[in-house]
Amino acid sequence: MIDESRLYSIPILCRKPLCDVCEWAETRHYLKQTSQLYSYEPTPFFREPCHYMSDLSGTSCVVIKTPAQSGKSLSIMNFLGWMAEFYPSNTLLVLDSKTQGLKLSQNRIRPFLREICGINNPNNTRNKSPDKSNSVANIGLRSGANLYIASAKSASDSKSTPARFVLLDEVDAYPNDINGEGDPVTLFTQRLKRFRGMAVMTSTPTTAEGAITANWKLGTAQTWGVVCECGQWMPVKYDDIDFTGTVPTIHCPHCGVVYSEDDVKELNHCYNAPTNDDPLKDDFGRIRRSYEITAPLCHSFVSWESLKRQEIAALSLGENSYKSFRNTVLGECYTPKEEIQVEVPELMRLSQASYTHDCLPFDIAFIVCGVDTHDKCLYCETVGFSEDLKRMFGLRYDVLVGDPDEKEVWQQFYDIFNAVYTREDGKLMRSAFAFVDSGGHRTNSVYAQHYRNRRIMPVKGMVSNSKNAADPLVGKQQKLKMNGGLKGRCTVQFVGVNAGKDELSNAELLTIAGDKRLNYLKGYGYNPEYFKGLLSEKKIDGKWIAPQKGHTHNEPLDCRVYAMACASYYLNKYYLTGLDSEEVEMAKKSKKQEEIKDTEKPVEQVEEEVKKPVSDKHESKDERSEKVKKFPHW
Ligand SMILES: [Zn+2]
C-alpha cells in the first residue's frame with residue numbers, strides 16, 4: 001500500500017512517478033462495463049503515446065491523430081487518473097464547446113474520478129462563481145489542484161489560471177481564432193509555459209491544413225504500421241489497399257509481398273521511427289512526440305470490407321458525407337472530390353466489362369448516342385443505360401471521318417445509329433435517340449438531320465459563368481426558324497455540360513471505389529487515348545477547365561456528356577411513358593393523318609410495326625419511300 005502522505009511530502013524534483021500512464025491503466029483502471037482492468041490489447045497504438053504522456057523529463061507534448069471511435073477518450077481518462085494519483089496539479093481540459101465539456105464532465109470525468117480515483121466531487125460545489133459568464137467548469141482533484149473544463153471558443157477560458165497539464169481534445173473542431181487574439185491551441189498551451197508540464201493534443205483530422213495535422217508534422221511525426229516479412233516497416237493506408245480481388249490486399253512497397261487483412265493482423269505492429277529529424281523543443285529541451293493511427297489497422301473496430309462499404313455509401317450521399325467518412329472513419333485528411341486524380345490505367349482496368357454486342361447485360365434499359373460535331377469528322381459514342389441512369393455501358397466509340405456538310409459521314413453515322421444489339425435475355429435493341437452537337441460546327445447540316453429523323457436532336461452546350469448557378473443537365477428547348485432550303489422550324493435542346501461533367505466524375509470516382517458505374521467493352525474505340533480524353537478536363541475552383549488546344553482531345557468527354565443528357569431526356573420524355581420515341585412520333589402522325597377518334601388503335605398498329613427492331617436502313621430507297629408514303633410529314 002502506498003503511503004500517500006509520504007509520497008506528496010517528497011520534494012517535487014526528487015519525486016518519481018511509481019509507474020507510467022500505461023501501467024497505471026493496466027493496474028488501476030477497472031472498466032465498469034466489463035468489470036475488468038483496462039487493457040491496451042484492442043488499442044495497442046495508444047501504448048507508446050500514453051507512455052510518453054508520463055515522460056515529463058523528455059517530452060513536452062504528445063499529439064495523437066486518430067479515426068473517431070478508436071478509444072481515444074479512454075486514453076485521456078487514463079492520463080487524468082495517472083495525473084490525479086501522482087501529480088495532482090491544475091489541469092486544463094479544452095473541448096470545442098462548453099456544452100461538450102460539461103457533458104463529458106458530467107457523464108464521464110466525474111464518475112471516473114469518483115469510482116476509479118476515489119475523488120468525490122459533489123455536483124456544482126465549486127462552480128458557484130458569481131460570474132455566470134465564466135464558462136470554466138471546475139472539478140477538484142487532490143491537494144487543492146483543479147481540473148478546469150474550458151471551451152476553445154472562449155477567450156476568457158484561455159486566460160484562466162496557469163496549468164501544468166493541458167489536454168486539448170478534437171483540436172480540428174476548434175475555431176481558427178478566438179476574438180482576434182490568436183488560435184486556441186497556441187493560447188491554451190501558453191498556460192503551461194511556466195511549468196515542466198505536458199500538453200496532450202488529440203483529434204480526428206479534417207484537412208491537411210487542420211490543427212492536428214500541422215501539429216503532428218511539428219512533432220516526431222510517426223505512423224502506426226506493420227513490419228513486413230522483409231524486415232521493413234510499412235504503413236497501411238486505406239488508399240493503398242487493393243479492393244479489386246476476391247479479398248482486399250495490400251502489398252509491401254519494399255519487397256512487393258501481398259498481404260490480406262488476416263495476414264496483416266499477424267504481422268508485428270509498431271510505429272515507424274520519427275520521420276521528422278528536428279521535432280519541436282520547448283524551453284527545457286523536451287521534444288514534441290506525434291503519432292498517427294490509420295483506420296485499416298484499428299482491427300478491433302473495423303474491417304477493410306466495412307470501410308469500403310462505408311466509402312461507397314458516403315460517396316453516393318454526396319460531398320459532405322464523403323468528407324466525414326475520410327475524417328472520422330478513416331482518420332485521414334480530406335481532399336475535395338474535384339482534386340482527386342482518377343488515373344487512366346486505373347479507370348481502364350476497373351471499368352472493363354466482359355459483355356459483347358450480342359449479349360448485352362440485362363441491366364441495359366435502352367441505348368442512346370452522343371455525337372460531337374467537328375468540321376472534318378463526327379465523334380460518336382453509343383452508350384447503354386440502366387433504368388435509373390446510374391450505370392452506363394459503353395458499346396462503341398467511333399471517329400467518323402468526313403465533312404458533316406457532305407452525305408457520306410452521315411451515312412456512316414446512320415449505320416452505327418441503327419445497328420442492332422442483342423441483350424442477354426434475347427431482346428433486340430438499337431439506339432433509341434441521339435443528341436448531336438450543333439453548337440459551333442456545321443450547324444445547318446445537323447439541323448437537316450433532325451428533319452430527316454426526329455430521333456436525332458440538335459443540342460447546344462450551355463455553361464453559365466457563375467459557378468453557383470448550375471445549369472440542369474437537360475435544359476430548355478428552343479425553336480428555330482430555318483432559312484434557305486430547309487423550311488419550317490427546328491428544335492434545339494440545351495445541355496448543361498457542367499452538370500454532366502460533375503455527374504460523370506462522380507461515376508468515375510465510384511467506379512474507382514468499387515461501385516462499377518462505368519462499364520466499357522474492350523476494343524470498339526475504348527483505348528488509352530479515349531480514356532485520356534474522358535479524363536482530360538479538371539475541375540478547378542468549381543469550374544471545369546478544358547485542356548489547352550493541341551493537347552489531349554476532349555471529344556470522348558463531350559460525347560459522353562451528350563449521351564448522358566440524351567439518356568435523361570429520353571428516359572423522362574419517352575421511356576417512362578411506355579412508348580419508344582419513334583412510336584410516339586408515329587402515333588402522333590398517324591393520329592393527325594387519319595383523324596381517328598379512338599386513340600388506342602393507331603398506337604397498337606404502330607407498335608407492331610416498330611417492335612421489329614430491324615435496322616431500317618434510312619438510306620435504302622425502298623424503305624424510305626415506304627415510310628414517306630405512310631407518314632407524309634417526314
Ligand atoms: Zn516487404
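Among contacts between residues at least 6 apart in sequence, 67% link residues at least 24 apart. That figure, like everything here, comes from a predicted model. The chain runs to 634 residues, of which 39% are buried, and its secondary structure amounts to 20 helices and 27 strands.

Much of what follows turns on one open sheet. Nine strands make it up, in the order β15-β25-β18-β17-β16-β21-β22-β24-β23, and the pairing is mixed. The edges belong to β15 (352-353) and β23 (474-481); each has a single partner strand, so one side of each goes without a neighbour in the sheet. Further in, β17 (377-385) is another story: eight of its nine residues are buried, so the strand is largely enclosed by the rest of the structure.

The partners of β17 are β16 and β18. With β16, the pairing is antiparallel and takes in eight bridges, one of them matching threonine 373 with leucine 378 of β17. These two strands form a hairpin, with three residues between them. With β18, β17 is again antiparallel, this time over nine bridges, and here cysteine 377 has valine 401 of β18 as its bridge partner. The β17 and β18 hairpin has six residues between its strands, and leucine 389 adopts a positive phi near 65° there. As for β16 (residues 366-373), it also pairs with β21 (residues 431-437), in the parallel sense and over five bridges; in that pairing glycine 370 sits opposite phenylalanine 435 of β21.

Two helices pack across strands of this sheet. Helix α15 (residues 497-513) crosses β18 (392-401), β22 (456-462), β24 (489-496) and β25, and runs at about 50° to β24. Helix α17 lies across β16, β17, β18, β21, β22, β23 and β24, at about 135° to β16.

What leads into α17? The loop between β27 (543-545) and α17 (555-573) does, and proline 547 lies in it. Proline 547 counts as partly exposed, because 16 other C-beta atoms lie within 10 Å of its own. Setting aside neighbours within four places in sequence, the contacts of proline 547 are Ser536, Glu537, Thr552 and Asn554. As for the first of these names, the C-alpha atoms of proline 547 and serine 536 are 6.2 Å apart, with the two residues eleven positions from each other along the chain. Another loop residue, tyrosine 524, falls between β25 (518-521) and α16 (528-534). Tyrosine 524 is not a glycine, yet its phi is positive, at about 55°. It is classed as partly exposed because it has 17 C-beta neighbours inside 10 Å.

Elsewhere in the chain, alanine 221 shows a similar backbone feature, with a positive phi near 55° in a residue other than glycine. Alanine 221 belongs to the loop between α8 (211-218) and β9 (222-227), and it is buried, because 21 other C-beta atoms fall within 10 Å. Just past this loop comes β9 itself, which is mostly covered, with five of its six residues buried.

Strand β9 has several partners. With β14 (residues 287-292) it pairs in the parallel sense over two bridges, and threonine 223 stands opposite glutamate 292 there. With β13 (residues 268-271) the sense is antiparallel, over four bridges, while β10 (residues 233-235) is also antiparallel to β9, over three. Valine 226 figures in both of these: it faces histidine 269 in β13 and methionine 234 in β10. The β9 and β10 pair makes a hairpin with five residues between the strands, and glycine 231 in its turn has a positive phi of about 95°.

Finally, the nonpolar interior. In soluble globular proteins, nonpolar side chains tend to be buried together. The largest nonpolar core here has 77 residues, and those with the most contacts inside it are Phe79, Leu92, Val94, Val166, Leu167, Leu168 and Val200. Helix α4 (residues 72-86) supplies the largest share, seven residues. Domain 1 (4-221 + 274-293) and domain 2 (305-337) both contribute to this core, so it lies between them. Apart from it lies another core, of 61 residues, including Val368, Phe433, Val497 and Ala565. Back in the 77-residue core, valine 94 touches Ala150, Ala152, Val166, Leu167, Leu168, Asp169, Pro184 and Phe188, leaving aside its neighbours within four places in sequence.

Key: Residues numbered from 1 in each chain as written. Predicted model: local features only at pLDDT ≥ 70, side-chain atom pairs only at ≥ 80, totals over all residues. Buried ≥ 20, exposed ≤ 12 C-beta atoms within 10 Å, placed from the backbone. Contact = placed C-beta atoms within 7 Å. Pairing = 2+ DSSP bridges. Axes fitted to C-alpha atoms, helices over the stretch in contact; angles between N-to-C directions. Core = buried A, V, L, I, M, F, W, Y, C linked by C-beta atoms within 7 Å. Domains from an automatic or database assignment.
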